[in-house]
Amino acid sequence: MCRMLMMKGFSEDLVKALVEAARDDPYGARRWKGKEPNHPDGWGFVGVEEGRFVEYRSTRAVWEDERGLEFLNNNFGTLNLLHVRKTSIKGTEAHPQNVQPVGVLNVLWIGYNGTIDPSTLEAPYPIRRMMSSGTLADTAAVAWAVMENYSEDPLLTAMRVKGWLEEVLPEGSGAAVFFVDVYGNAGYAWECKECKKEELDYYKIYFYEVGSVKAVASSTVALKHGEKNWREAPKYGSL
């Protein structure tokens, strides 16, 4: 499972909150009951500005990657998507291609939190086969689904992705999808189907707006940031 942050504009304090959410996630500890409450299995970001983009991915834990965080602080865009990873499919952490955000054709980037059964998906057979072998994480199938639902209108894409999540998620499970494109569009969708409180607390997404910065983020990021300007985000939307 993972923690995510998407920003229009840039806030170093929000990045620090993501790092702390990766290092210590009380919502995750309650959701997964006794497993390590951190997200050590790599991290990455993409920054977009006026058709230019910069990407970074590392298999290191974000709180140990000082050079990576320095690179972020020197290369952020007007639109930024950050992702820290905790694998839920054993073995996929050994493969760097599973570090998110996942880029598709240098046009669209996807960050994802959740676990979706590959047998429920209509992704191409090679993707499902690599998922079944533990080589490829389920994010690849999620990226395929976002591409299939992609529109130049990010709100329409988000609405379609929300509908897709409603179809593929089993009861008692949740997921969140963030996406940005090279044109400066950004959107998100999240769902928690028939969830108990600890599941809902974990998967819920929050919205933030102060000054020139707008953001959506995983629940623990909002918790670690600590300001009162967060509110529960709608189930889908755009920045």
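This is a tutorial dialogue on how to read a predicted model of a single chain.

Q: Where should a reader begin, and how many helices and strands does the chain have?

A: The inventory of secondary structure is a useful start. In this predicted model, the chain has eight helices and twelve strands. Its accessible surface comes to about 10700 Å², and carbon and sulfur atoms account for 48% of that area.

Q: What share of the residues in the chain is buried?

A: Of the 239 residues, 54% are buried. Burial can also be read element by element. Helix α5, residues 139-148, is mostly covered, with seven of its ten residues buried. The buried positions of α5 are T139, A140, A141, V142, A143, A145 and V146.

Q: How should contacts between positions separated in sequence be read, and what percentage joins residues 24 or more positions apart?

A: The count considers contacts with a separation of 6 or more, and 68% of these in the chain involve residues 24 or more positions apart. An individual case is L82, which touches R3, M4, L5, M7, V15, L18, G44, F45 and L72 when residues up to four places away in sequence are not counted.

Q: What is the general idea behind a nonpolar core, and which residues have the most contacts inside the largest nonpolar core here?

A: In soluble globular proteins, nonpolar side chains tend to be buried together. The largest nonpolar core in this model has 26 residues, and L5, M7, L14, W43 and L82 have the most contacts inside it. The elements that each give two or more residues to this core are the helices α1, α3 (66-75) and α8, together with the strands β1 (2-8), β2 (43-49), β3 (52-58), β4 (79-85) and β10 (213-218). Helix α1 supplies the largest share, seven residues. A second, separate core has 25 residues, among them V104, I127, V161 and A189.

Q: What is the principle of a salt bridge, and how many does a search of the whole structure find?

A: Side chains of opposite charge can pair when their charged atoms come close. The search of the whole structure finds eleven salt bridges. One of them joins the side chains of D24 and K224, with an N to O distance of 3.0 Å. D24 lies in the loop between α1 (12-23) and α2 (26-32), whereas K224 lies in helix α8 (residues 219-225), so this pair ties together parts that are 200 residues apart in sequence.

Q: Are the two partners, D24 and K224, buried or exposed?

A: Each falls in the intermediate class, which runs from 20% to 50% relative accessible area. D24 is partly exposed at 34%, and K224 is partly exposed at 30%. D24 also illustrates closeness in space across a shorter stretch of sequence: D24 and N38 are 14 residues apart in sequence, with their C-alpha atoms 5.0 Å apart.

Q: Which other salt bridges can serve as examples?

A: The side chains of E49 and R52 meet in a salt bridge at 3.5 Å, N to O. E49 is partly exposed, with a relative accessible area of 28%, and R52 is partly exposed as well, at 39%. Another salt bridge joins E166 and K162, at 2.3 Å, N to O. Both E166 and K162 lie in helix α6, four residues apart, or about one turn of the helix.

Q: How do the accessibilities of E166 and K162 read, and which residues are linked with them in a network of salt bridges?

A: E166 counts as partly exposed at 42% relative accessibility. K162 counts as buried because its relative accessibility is 10%, and buried means under 20%. The network of salt bridges links K162, E166, E191 and K235. Leaving aside residues up to four places away in sequence, K162 touches A189, W190, E191, K235 and Y236.

Q: Which residues form a nonpolar patch on the surface?

A: A surface patch is read by its members and their combined area. L155, M159 and Y236 form a nonpolar patch here, with about 250 Å² of accessible area together. L155 belongs to helix α6, residues 154-168, and counts as partly exposed at 39% relative accessibility. Y236, a member of this patch, is also among the residues that K162 touches.

Conventions
Residues are numbered from 1 along each chain as its sequence is written. This is a predicted model: local features need pLDDT of at least 70, side-chain atom pairs count only at pLDDT 80 or more; totals for chains, interfaces and linings use all residues. Side-chain values use heavy atoms; hydrogens and water are left out. Patches are made of residues with over 30% relative accessible area and no salt bridge: like charges are joined within 9 Å, nonpolar side chains (Val, Leu, Ile, Met, Phe, Trp, Tyr) within 5 Å. Accessible areas come from the Shrake-Rupley method with a 1.4 Å probe; for residues, only the protein chains shown count as cover. A salt bridge is a side-chain nitrogen of Lys or Arg within 4 Å of a carboxyl oxygen of Asp or Glu. Buried means under 20% relative accessible area, exposed over 50%, partly exposed in between (1.4 Å probe, protein chains only). Contact means heavy atoms within 4.5 Å. A nonpolar core is a set of buried Ala, Val, Leu, Ile, Met, Phe, Trp, Tyr and Cys residues joined through side-chain atoms within 4.5 Å.
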